[in-house]
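Me: Hi! I've got a protein open on my screen and could use some company going through it. Can you take a look with me?
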Amino acid sequence: PPSPPPPSPPPPSPPPACTIACPAGESLAKDAFGGFLPSCTCVEVVEARMSIDTNLDLFDETLFKTEVATQLGVPVESVQIIAVEAGSVIVSFEIQPAPGQTTIPVATADQMKATLLTVTVTAGEITARTVSTPEEVKAVTPSPPPPISTGGGGSDNNIGVIIGIAVSGAVFLIIIAVCVWKGSSKKVKPRPQ
């Protein structure tokens, strides 16, 4: 009798998840299906959010991406939908640079914003929209505070706190002692009756 076929190899491990945080005005690069690229590269993005007067059941993400990409003149995979929510339909999305690029030139981002402020979709009337270029997001996002030096694990900072508390306590005790001594050294004169 023929021998049984060898067992199939285990499926390949999924690529490690991207755990880096991108600066303001940037997002992790994504593939045409919205998955993170293995390189975990941050790219500049034009961010947009639109409210469309339609029903979630009728909203077609693929058609939306195609219409926006066509009007912007960018590849469909550059339009990445972040979230679709109810409330009419609220679509949060971003426009990523062309494949292989990490930045969007300022003039191009400005043109994309102007187009997105007038773009139309067959899904329904756009009743509200916000669009931000990478430069606008960077301008209003405060820089993170500088890292706090712990001076070798924090022990130097703790010693300073302990010395401060000890000196404060000693000064407090000296003040109390002086007040008690002055109070006891006063001679009380009897009152005439």
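**A walk through the model**

Reply: Happy to! Let's start with valine 171, which sits in helix α4 (residues 155-185). Keep in mind that this is a predicted model.

Me: Is valine 171 buried, exposed or partly exposed, and why?

Reply: Valine 171 counts as partly exposed because its relative accessibility is 44%, and the partly exposed class lies between 20% and 50%.

Me: Which residues make a nonpolar surface patch with Val171?

Reply: Ile159, Ile163, Val167 and Ile175 join Val171 in a nonpolar patch of about 440 Å².

Me: And the surface of the whole protein, how much is there?

Reply: The accessible surface is about 13,300 Å², with 64% of that belonging to carbon and sulfur atoms. As for burial, 27% of the 193 residues count as buried.

Me: Switching topic: what's the secondary structure pattern?

Reply: There are four helices and six strands, and along the sequence they run β-β-β-α-β-β-α-β-α-α. Among contacts with a separation of 6 or more, 58% are between residues 24 or more positions apart.

Me: How many cavities of 30 Å³ or more are there?

Reply: The count is one. The largest cavity holds about 40 Å³ of space.

Me: What lines the largest cavity?

Reply: Its lining is Glu44, Ile104, Val106, Ala109, Asp110, Thr133, Pro134 and Glu135. Helices α2 (106-116) and α3 (134-140) are the elements that each give two or more residues to this lining.

Me: Which element gives the largest share of that lining?

Reply: That's α2, with three residues.

Notes. Residues numbered from 1 in each chain as written. Predicted model: local features only at pLDDT ≥ 70, side-chain atom pairs only at ≥ 80, totals over all residues. Heavy atoms only, no water. Buried < 20%, exposed > 50% of the residue type's maximum accessible area, 1.4 Å probe, protein only. Contact = heavy atoms within 4.5 Å. Areas by Shrake-Rupley, 256 points an atom, 1.4 Å probe, with all protein chains shown as cover. Patch = residues over 30% accessible without salt bridge, like charges linked within 9 Å, V, L, I, M, F, W, Y side chains within 5 Å. Salt bridge = Lys/Arg side-chain N within 4 Å of Asp/Glu carboxyl O. 1 Å grid on protein atoms, 1.4 Å probe; cavity = no way out; pocket = protein on both sides within 12 Å on 5 of 7 lines; lining within 4 Å. Points joined across faces, edges and corners; volume = space filled by probe spheres on them.
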